[in-house]
Amino acid sequence: MKKQGYYTTGEFAEKAHVTLRTIRWYDSKNLLKPSAYTEGGARLYTDADLAKLQQILLFKYLGFSLDDIREMVMTGGDEEYLLGSLDIQKKLVQEKIEELNDVYQALDRTKDAIEKHHGKELNAMLNLIHITGADQSLKTQYLNSTNVAARIKLHSEYSVNQEGWFPWLYRMSDIQDGMNILEIGCGNGALWLENMNHIPPHVHITLSDISDGMLRDARNSINDERFSFSCFNAEKIPFEDESFDVVYANHMLFYCENIDLVVKECRRVLKKGGKLICSTYSKRHMKEITELVQEFDKDIVLSSDVLYERFGLDNGNNILNRYFDSVECIRYEDSIEISDSEPLINYIVSCHGNQNRILIDHYREFRDFVADKVKNGFHITKDAGIFIGIV
């Protein structure tokens, strides 16, 4: 007997305007498993599965491989995840439109160069190869955007400290009118978006990131003449000595291959009396999440690198003292209290470790495990803060 609120395979396929064969094939590929089964073993689907199917078909349309799609839609049926995912899918489609327009123009230039024998055929062809070989950037951008959104949501909606990280970070910075400011690793520009009403009228802020996709997100979100945007690796900052009053490095130094070189570059571009404001965390930060996932499977590692060992609250002072006249550490007092499992799960799958390879075939079991653990409330320690290095 069919359960209330569920669709049979035939009803589901008809509602989605796809074939029965498509539904069964996605099941066999572990892309879209049924939400339940009848007593006789027939597949049953829900509206949440329709949302997941929509994502699968869009990513297939955009040219992603099945392995890529499988990872990207692991949590796609969760209602909490859906709205944010749709926004990011819209960005992906816009990216694809812009990419196809670039390809069209490059094809036109290449054809023109060959027909008119301009002697630029090779350069035109190399440019065309570069553009058409960039498909993976869409997957990278999607994963980066969803990961950032998942982390921000967990902190912004479930943190005890109501001020919020970005307003606190801005308040600690003491930004004054007339300053020239640089942020390296700006991501989607969240620091400035959350503080736009407090930024003095006569400052100039350069936002930079190594990722074109993240920088494009920031540029699309911030339409303000006080801002400019630049894509570069922070190991070689393309500005003159003593150019800036403040340099921000918000939770990014521990990702740098050569931290000393990046810090040295930040010191170089700061004016006398200027400040490097860089944030990080300690080994206690979010420790309960690690304990939770390892209780489910002891082999799960949420980060392939122990980032706080590279640059953390316990050792950052030693690194910065090599380059700055004075260094102060200020901790952000906060914790997370949560009884809703979905934002926590989305945070977990956003991490940079091996969790998705382990969870992808056990996702529903893991979802039930987390829901049971947090239903009566779940405490998460936060131990983050900033270093302020003064030239």
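Are F12 and Y45 buried or exposed? In this predicted model, both F12 and Y45 turn out to be buried, and the two have more to do with each other than that. Their ring centres sit 4.5 Å apart with the planes at 15 degrees, and since planes under 30 degrees apart count as stacked, this pair is a stacked one. F12 belongs to helix α1 (residues 9-16), while Y45 is part of strand β3 (residues 43-45), so the contact between the rings ties together parts that lie 33 residues apart in sequence.

A second ring pair, F311 with F387, has another geometry. Here the centres are 5.8 Å apart and the planes make an angle of 65 degrees, so the pair is edge-to-face, given that the cut-off for this class is over 60 degrees. F311 comes from the loop between α13 and α14, and F387 from strand β10 (residues 378-390), so this pair ties together parts 76 residues apart in sequence. Neither ring belongs to an exposed residue: F311 has a relative accessible area of 0%, which makes it buried, and F387, at 1% relative accessibility, counts as buried too. The structure holds 15 aromatic pairs in total. Ring pairs also link up into a cluster, made of Y170, W192, F227 and Y248.

Moving on to helix α11, which spans residues 259-269, the buried positions are I259, V262, V263, E265, C266 and V269. Looking down the axis of α11, one finds these buried residues within an arc of 155 degrees, so they line one face of the helix. The spacing fits the usual helical pattern: an α-helix has 3.6 residues a turn, so residues three or four places apart point the same way. What does the buried set of α11 pack against? The partners are the strands β4 (180-184), β7 (244-250) and β8 (270-281), together with the helices α13 (307-310) and α14 (316-320).

Last comes T206, a residue of strand β5 (residues 204-209). With the threshold for burial at under 20%, T206 counts as buried because its relative accessibility is 4%. Its side chain makes a polar contact of 3.3 Å with the side chain of S228. Leaving aside residues up to four places away in sequence, T206 touches I181, L182, E183, S228, S230, F239 and F244. S228 is thus on the contact list of T206 as well as being its partner in the polar contact.

Technical notes
Residues are numbered from 1 along each chain as its sequence is written. This is a predicted model: local features need pLDDT of at least 70, side-chain atom pairs count only at pLDDT 80 or more; totals for chains, interfaces and linings use all residues. Side-chain values use heavy atoms; hydrogens and water are left out. Buried means under 20% relative accessible area, exposed over 50%, partly exposed in between (1.4 Å probe, protein chains only). Helices (H or I, at least four residues) and strands (E, at least two) are DSSP runs, numbered from the N terminus. The arc is that of the directions from the helix axis to the C-beta atoms. Contact means heavy atoms within 4.5 Å. Rings of Phe, Tyr and Trp (its six-membered ring) pair if their centres lie within 6.5 Å; planes under 30 degrees apart count as stacked, over 60 as edge-to-face and the rest as tilted. A polar contact is a pair of N or O atoms within 3.5 Å; within protein, one must be able to donate a hydrogen and the other to accept it, and residues adjacent in sequence count only if both atoms are side-chain atoms.
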